[in-house]
There are 2 protein chains.
Amino acid sequence: MMTRQMAEGAARAAGRPRSEKAEKSIIEATLELIGEGVAVSELSIEGIASRAGVGKTTIYRRWSNKEDLVVDALTTLKPPIPPLEGDSVRDDLIAYLTVIREESRHTHTRCIMNIAMSDSERHPRLAARFDELAIQPRRAVMAEVLRRGIERGELRPDLDVEMAMAILTGAMLWHTKWSHRAADLRDDLAERIVDEALRGFRPR
Amino acid sequence: MMTRQMAEGAARAAGRPRSEKAEKSIIEATLELIGEGVAVSELSIEGIASRAGVGKTTIYRRWSNKEDLVVDALTTLKPPIPPLEGDSVRDDLIAYLTVIREESRHTHTRCIMNIAMSDSERHPRLAARFDELAIQPRRAVMAEVLRRGIERGELRPDLDVEMAMAILTGAMLWHTKWSHRAADLRDDLAERIVDEALRGFRPR
DNA sequence: TCGATACGCAACCGTCGCGTTTCATAATGC
DNA sequence: GCATTATGAAACGCGACGGTTGCGTATCGA
């Protein structure tokens, strides 16, 4: 991994090997802090070290700067992509949006998203990583659902898949971010979004 | 203004009055820095003072902390809401989304939005202010357009206005934030979003 | 056993921002 | 003129953090 500090391949293990546990707890602490709403610029190596029960040295030995560490930390995020094999496009989309909604309920996810969005200007590498790990896989899943729907004849053959994804995902994000009336966040939100959107997506 | 440091009403002007110019340049500098992508947590009074050509004292005399200052700065934002009196819902919506799109092209707007979104967890007052000044007026305009459309019979009478707004605005935000293919950001983006969305919004 | 490397910890220096104070100066009312 | 208040500039002590170094210890291969 480019961002890592040497001691990966060659190097010959001559002395005490690096503690796998230390590394894990460092990354864990980093993700925890991020999950608690600490912005990248506010993350301090000292804070991470103390949270991880680790010396600063141990961190600097592995990563030469904060951004490298955060990039590696994000890498460990394995977003669970739900398998969508329902009977209909409607079922799959509702299941998908429900997952998105549940995720964005948790502060952890929200903070990570915030970082991805707000620090994207100043930390393009972070943004790229986040996109690669979190956004793209979901896009792929959703695109596949929509394509299947087109094949099955549930959706218009000329449907712009990208546009459809933007409408569905955008509507959900908008609601979870800016909704002001509790009524808009009812449990059937995903269902209502999908039903409204599908009106225009189905063949006429 | 609650957040302001006294010397507003009573107090009797006994000595040298506070410089109106200094106050303006402080707020201006604050907005400039925010516009350049500096997060609230990274904003420093010193930085603002030096940018504004002002002593720190002058700032502390007026605001007791950073957040108060930023709140006041945001207050001066007067988002221009375009008058939407087109011939059709389609025209109005396209005009509206085009404005949103143009705004989000400019780094200034993007950064302010970033702050509003990412700092909303830690600075609820900021988020509330931003919502009041930037979000709500736009929501109102768009809701009015949609309601007019319903009255005119251009839109389904049972259309959920909130949902429609979420779909339209969400789709545009999603595109401008996460779009990866240049093709998705073509000049006719607003038009394409509106046309796709309206398919489901019109009476059948 | 020995050399090498990693470990946690503490100390270190340099930088930066905060919030305060002091200073000479400028603008106002009496 | 005189008292009063504001101004920009500079400096203060303080704490947080970065990044480095040394210490004593732990864990590896040879």
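**View 1. Residue classes at the surface near DNA strand D.** By class, nine residues near DNA strand D are nonpolar, nine are polar and eight are charged. The model is predicted. In total, 26 residues surround the strand. The closest are Lys56(A) and Tyr60(A) from chain A, with Arg16(B), Thr58(B) and Arg61(B) from chain B. Of the atoms of DNA strand D that come within 4 Å of the protein, 65% belong to sugar and phosphate.

**View 2. Backbone atoms and phosphate oxygens of DNA strand D.** In chain A, a backbone N or O atom of Ile45(A) sits 2.9 Å from a phosphate oxygen of the strand. For Glu46(A), a polar backbone atom is 3.0 Å from a phosphate oxygen. Chain B takes part through Ser19(B), with a backbone N or O atom 3.1 Å from a phosphate oxygen of DNA strand D. Three elements give two or more residues to the surface near the strand: helix 2 (45-52) and helix 3 (56-62) of chain A, and helix 3 (56-62) of chain B. Helix 3 of chain B supplies the largest share, five residues.

**View 3. Val161(B) and its surroundings.** Val161(B) belongs to helix 8 of chain B, which spans residues 161-178. Is this residue buried or exposed? Val161(B) is buried, because its relative accessible area is 17%, under the 20% cut-off. Leaving aside residues up to four places away in sequence, Val161(B) touches Ala143(B), Leu146(B) and Ile150(B). Ile150(B) is eleven residues from Val161(B) in sequence. Their C-alpha atoms are 9.5 Å apart.

Definitions and conventions. Residues numbered from 1 in each chain as written. Chains lettered and ligands numbered in written order. Predicted model: local features only at pLDDT ≥ 70, side-chain atom pairs only at ≥ 80, totals over all residues. Heavy atoms only, no water. Near = heavy atom within 4 Å. Polar contact = N/O pair within 3.5 Å; in protein donor to acceptor, adjacent residues only side chain to side chain. Helix = DSSP H or I, 4+ residues; strand = E, 2+ residues; numbered from the N terminus. Nonpolar A, V, L, I, M, F, W, Y, C, P; charged D, E, K, R; others polar. Buried < 20%, exposed > 50% of the residue type's maximum accessible area, 1.4 Å probe, protein only. Contact = heavy atoms within 4.5 Å.
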